[in-house]
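Trainee: I am new to this structure and would like to understand the reasoning behind the terms used for it. Could we look at it together and take the terms one at a time?

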Amino acid sequence: MKDVLLIALYAFLGAAAAGLLGAVALRALRHRSVAVSLTVVAVVSVTAMLAGTLAVAWAMFLSSHDLTVVTTVCAMAAVVSLATALLLGRWVVARSNALTQAARSFGEGGSFAAPGGSATAELAALGRELAATSEKLARSREREQALEASRRELVAWISHDLRTPLAGLRAMSEALEDGVAEDPQRYFRQIRTEVDRLNSMVGDLFELSRIHAGALPLSIGRMSVYDLVGDALAGVGPLAREHGVRLVGDAVEALPVEVDGKEMTRVLGNLLVNAIRRTPADGTVAVAAQREADTVVVSVTDGCGGIPEEDLPRVFDTGWRGTEARTPPAGAGLGLAIVRGIVEAHAGRATVRNVPGGCRFDIVLPAARA
């Protein structure tokens with residue numbers, strides 16, 4: 001038993017010396033290719049085995065012939081190990097280079113495609129992650145391009161919508177200043193109307209900027225959807241009578257929600273005004289609210305005749321105003337964008353779909369906790 005322990009000690013000391021040298025070599029070569037590291041590992045393994053064997057052989061005083069045999073066996077093992085390490089290293093390096101080459105497409109604004117052929121599990125996993133990241137970047141670029149397009153359209157439309165009332169205000173103010181206005185009171189009323197219109201546009205822009213900045217202040221309280229819809233219907237009643245549109249709100253359940261009453265009233269008001277303006281005379285705008293699972297769905301259905309399918313994904317985009325036939329003279333394309341922003345700030349979502357004779361806007365909000 002003592003001899004076995006002594007042999008184990010000599011073998012350990014010889015192998016430890018080789019391992020220590022190998023660790024120093026790996027640290028010095030840590031920035032080199034993986035093929036070099038694999039070669040060093042193979043050399044360390046064979047050297048550790050050879051050092052331990054030689055230490056034991058020296059301690060046991062083997063004959064020179066036996067020592068030569070042992071050394072030859074170790075040398076052959078070293079040759080095979082080195083060859084295997086080099087082949088494996090070259091294969092791994094080739095796969096890494098191919099993956100690096102494919103990943104360069106990120107910087108060129110392209111998409112990533114993992115190189116074909118077999119690969120180690122780690123390289124394959126890295127390729128899958130890069131492909132997933134490429135898809136996310138592509139979607140981000142598409143969203144950025146769509147947002148930039150919306151911003152350009154918004155600037156163009158706002159500039160156009162501001163130019164008209166400003167030109168009218170200037171003309172009326174000059175007429176009043178020169179004393180050529182036949183009915184000054186009518187001019188004053190018109191100036192007040194145009195100023196209110198401009199103030200509304202600026203207010204919408206400010207609200208939208210707060211929504212995009214994530215700085216929309218909310219005062220959350222528990223209230224009934226029935227009361228919210230009732231207040232919104234009362235607010236748009238005069239506009240509906242002016243356009244000859246019937247308002248229907250019989251299918252509204254008294255469901256509790258936790259929302260900012262002021263902001264949610266604005267959401268419903270925007271949807272109702274939008275629906276009334278696009279519904280022909282003698283048409284109907286219906287409001288409904290019902291419980292679905294853990295949510296409360298408030299819907300506004302109009303008689304606009306429907307929205308082209310290709311435009312449905314853009315309805316809530318900033319600046320979208322649809323076709324010319326659906327564009328109100330005073331609209332700046334901000335109302336539905338504000339609707340979506342306020343609803344999402346309440347952890348809800350806004351959707352739209354076509355229904356027979358018109359379209360339906362759904363506001364999905366989390367149901368209030370019992």
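Mentor: Let us begin with a pair of side chains in what is a predicted model: Asp-362 forms a salt bridge with Arg-353, and their closest N and O atoms are 2.8 Å apart.

Trainee: Why is the contact between Asp-362 and Arg-353 called a salt bridge?

Mentor: The term asks for a side-chain nitrogen of Lys or Arg within 4 Å of a carboxyl oxygen of Asp or Glu; the closest N and O atoms of Arg-353 and Asp-362 are 2.8 Å apart, so the pair qualifies. By this rule the count comes to eight salt bridges.

Trainee: How do you know whether Asp-362 is buried or exposed?

Mentor: Buried means under 20% relative accessible area, and Asp-362 has 6%, so Asp-362 is buried. Arg-353, at 40%, falls between that limit and the 50% above which a residue is exposed, and therefore counts as partly exposed.

Trainee: Which residues are joined into one network by salt bridges that share partners?

Mentor: Glu-207, Arg-210 and Arg-266 are joined in this way. Within that network, the side chains of Arg-266 and Glu-207 meet in a salt bridge at 3.6 Å, N to O. Arg-266 lies in helix α7 and Glu-207 in helix α5, so this pair ties together parts that are 59 residues apart in sequence.

Trainee: What makes Glu-207 buried and Arg-266 partly exposed?

Mentor: Glu-207 has a relative accessibility of 4%, which is under the 20% limit, so Glu-207 counts as buried, whereas Arg-266, at 25%, lies between 20% and 50% and therefore counts as partly exposed.

Trainee: What separates Glu-174 and Arg-170 along helix α4?

Mentor: They are separated by about one helical turn, because they are four residues apart in that helix. Glu-174 forms a salt bridge with Arg-170, with the closest N and O atoms 3.2 Å apart. Arg-170 counts as exposed, because its 59% relative accessibility is over 50%.

Trainee: Why is the second largest pocket said to lie between domain 2 and domain 3?

Mentor: Both domain 2 (150-213) and domain 3 (221-366) give residues to its lining, so the pocket lies between them. The second largest pocket has a volume of about 370 Å³. Of the 17 residues that line this pocket, the closest to its centre are Leu-147, His-212, Thr-318, Arg-340 and Glu-344. The largest share of the lining, five residues, comes from α8.

Note on methods. Residues numbered from 1 in each chain as written. Predicted model: local features only at pLDDT ≥ 70, side-chain atom pairs only at ≥ 80, totals over all residues. Heavy atoms only, no water. 1 Å grid on protein atoms, 1.4 Å probe; cavity = no way out; pocket = protein on both sides within 12 Å on 5 of 7 lines; lining within 4 Å. Points joined across faces, edges and corners; volume = space filled by probe spheres on them. Helix = DSSP H or I, 4+ residues; strand = E, 2+ residues; numbered from the N terminus. Domains from an automatic or database assignment. Buried < 20%, exposed > 50% of the residue type's maximum accessible area, 1.4 Å probe, protein only.
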